[in-house]
Amino acid sequence: MTLLPIAADPAAPAEVPTVKLDLIGLFQHAAWPIKITIGLLIGCSLLVWIIAVLKLMQLSRLRYTERDFDRRARHANTLNELFETARAHSAPGARVVGALYVRGAGAQIERLRAVADRAILTEGQGARALMWFLAFIASGAPFIGLFGTVYGIMDAFIRIGAAKTASLPVVAPAIGEALITTAIGLAAAIPAVFFYNWIDKKVGDFVSELEAGAAEWVAMVAEQSVLADTAISLVPSRPGSVRPRA
């Protein structure tokens, strides 16, 4: 028995060819405004990762040095020991104690708190440096990508008018070039939003820890100052001598 080959059904749909997304090809054939937009977005994306790595390293170093200083400051029983510990350390808390030593000597507790708050504000501003750039990219990158998309769609309509046809071979390349800018804009904005929120949370925790430590140091300075004034006032004065003022 001989088997005859089955003839192909002419009505059967032909196999659809696999289309691959060629980003390099789309970039090479894009118009120069789209190329500039893509280059700007790629630069912003690289800056996001560079800033994020630098900020995370900075915060890790600040937290490590602050915890080391806080551990040493807990063993200080007098103001002289606390100030000597702060002088030999480079932690943010050491700079706060240094500000209390320089500007808060003999001051009331309200002034001591104001001096500590000012020093903490300076440390918080240093910890939040460059974060404005992450916020700018997070909010601006999608709109920059949208500009490229709008320009590409305008280019697609111009090609349709020149070719006098709306076939896919005419429209598809221009639309693909347009949409790729939006994709790159989102690729730059999404990590920027993530890193901004993450780093801002870490900075907030760091500033809270610094405020808690500063409250203890302010109380210690105020307490030692009161004890010193009390000791001076209890010293009996000699006849004809002047009692030293606090």
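**View 1. Ser45 sits in helix α2.** Welcome to this predicted model; our tour starts at a single serine. Is Ser45 buried or exposed? With a relative accessible area of 19%, Ser45 is buried, because the cut-off for that word is under 20%. Which residues does Ser45 touch once its neighbours within four places in sequence are set aside? They are Ala187 and Ala188.

**View 2. The whole protein is built on the pattern α-α-α-α-α-α-α.** Before moving in again, here is the overall setting. The protein holds 7 helices and 0 strands. It has 246 residues, and 36% of them count as buried. Take the contacts between residues at least 6 apart in sequence: 77% of these join residues at least 24 apart.

**View 3. The largest nonpolar core gathers 51 residues.** Which members touch the most other members of this core? They are Phe69, Val96, Leu100, Ile137 and Trp217. Two or more residues come from each of α2 (32–73), α3 (79–87), α4 (92–103), α5 (109–127), α6 (131–163) and α7 (168–234). Of these elements, α7 gives the most, with 17 residues.

**View 4. Ile137 is a residue of helix α6.** This isoleucine has already appeared among the core members that touch the most others, and here we look at its surroundings. Ile137 has a relative accessibility of 1%, so it counts as buried. Leaving out neighbours within four places in sequence, its contacts are Cys44, Val48, Pro142, Ala188, Ala189 and Ala192. One of these partners, Ala192, is 55 residues away from Ile137 along the chain, yet their C-alpha atoms are separated by 6.4 Å.

**View 5. Gly185 belongs to helix α7.** How much relative accessible area does Gly185 have? The value is 0%, so this glycine is buried. Apart from neighbours within four places in sequence, Gly185 is in contact with Leu41, Ala141 and Pro142. Another residue to find in this view is Leu146: Gly185 and Leu146 are 39 residues apart in sequence, while their C-alpha atoms are 7.9 Å apart in space.

**View 6. Helices α2 and α6 cross at roughly 160°.** Their axes come within 10 Å. How do the two helices run relative to each other? An angle over 145 degrees counts as roughly antiparallel, so that is the word for α2 and α6. The crossing is left-handed. On the α2 side, the residues that meet α6 are Pro33, Ile34, Thr37, Leu40, Leu41, Cys44, Leu47, Val48, Ile51 and Lys55. On the α6 side, their counterparts are Met131, Phe133, Leu134, Ile137, Ala141, Ile144, Gly145, Phe147, Gly148, Tyr151 and Gly152. Sorted by class, this contact has 16 nonpolar, 4 polar and 1 charged residues. Some names will be familiar by now: Ile137 from the core, and Leu41 as a contact of Gly185.

**View 7. Helices α2 and α4 pack at an angle of about 55°.** The axes of this pair are 7 Å apart. What does the angle make them? It lies between the ranges for roughly parallel and roughly perpendicular, so α2 and α4 are oblique to each other. From α2, Leu62, Thr65, Glu66 and Phe69 meet Pro92, Gly93, Ala94 and Val97 from α4. These residues divide into 5 nonpolar, 2 polar and 1 charged.

**View 8. Helices α3 and α4 cross at roughly 130°.** Here the axes come within 8 Å. Because the angle lies between the ranges for roughly perpendicular and roughly antiparallel, α3 and α4 are oblique to each other. Their crossing is left-handed. Look for Leu82, Phe83, Ala86 and Arg87 in α3, which meet Ala94, Val97 and Tyr101 in α4. This contact divides into 6 nonpolar, no polar and 1 charged residues. Both Ala94 and Val97 also appear in the contact of α4 with α2.

**View 9. Leu130 lies in the loop between α5 and α6.** Our last stop is outside the helices, at a leucine with a backbone angle to notice. The phi of Leu130 is near 70°, a positive value in a residue other than glycine. Its relative accessibility is 41%, so Leu130 counts as partly exposed.

Terms used. Residues numbered from 1 in each chain as written. Predicted model: local features only at pLDDT ≥ 70, side-chain atom pairs only at ≥ 80, totals over all residues. Heavy atoms only, no water. Core = buried A, V, L, I, M, F, W, Y, C linked by side-chain atoms within 4.5 Å. Buried < 20%, exposed > 50% of the residue type's maximum accessible area, 1.4 Å probe, protein only. Helix = DSSP H or I, 4+ residues; strand = E, 2+ residues; numbered from the N terminus. Axes fitted to C-alpha atoms, helices over the stretch in contact; angles between N-to-C directions. Parallel < 35°, antiparallel > 145°, perpendicular 65-115°, else oblique. Left-handed = near helix turned anticlockwise from the far one by under 90°. Contact = heavy atoms within 4.5 Å. Nonpolar A, V, L, I, M, F, W, Y, C, P; charged D, E, K, R; others polar.
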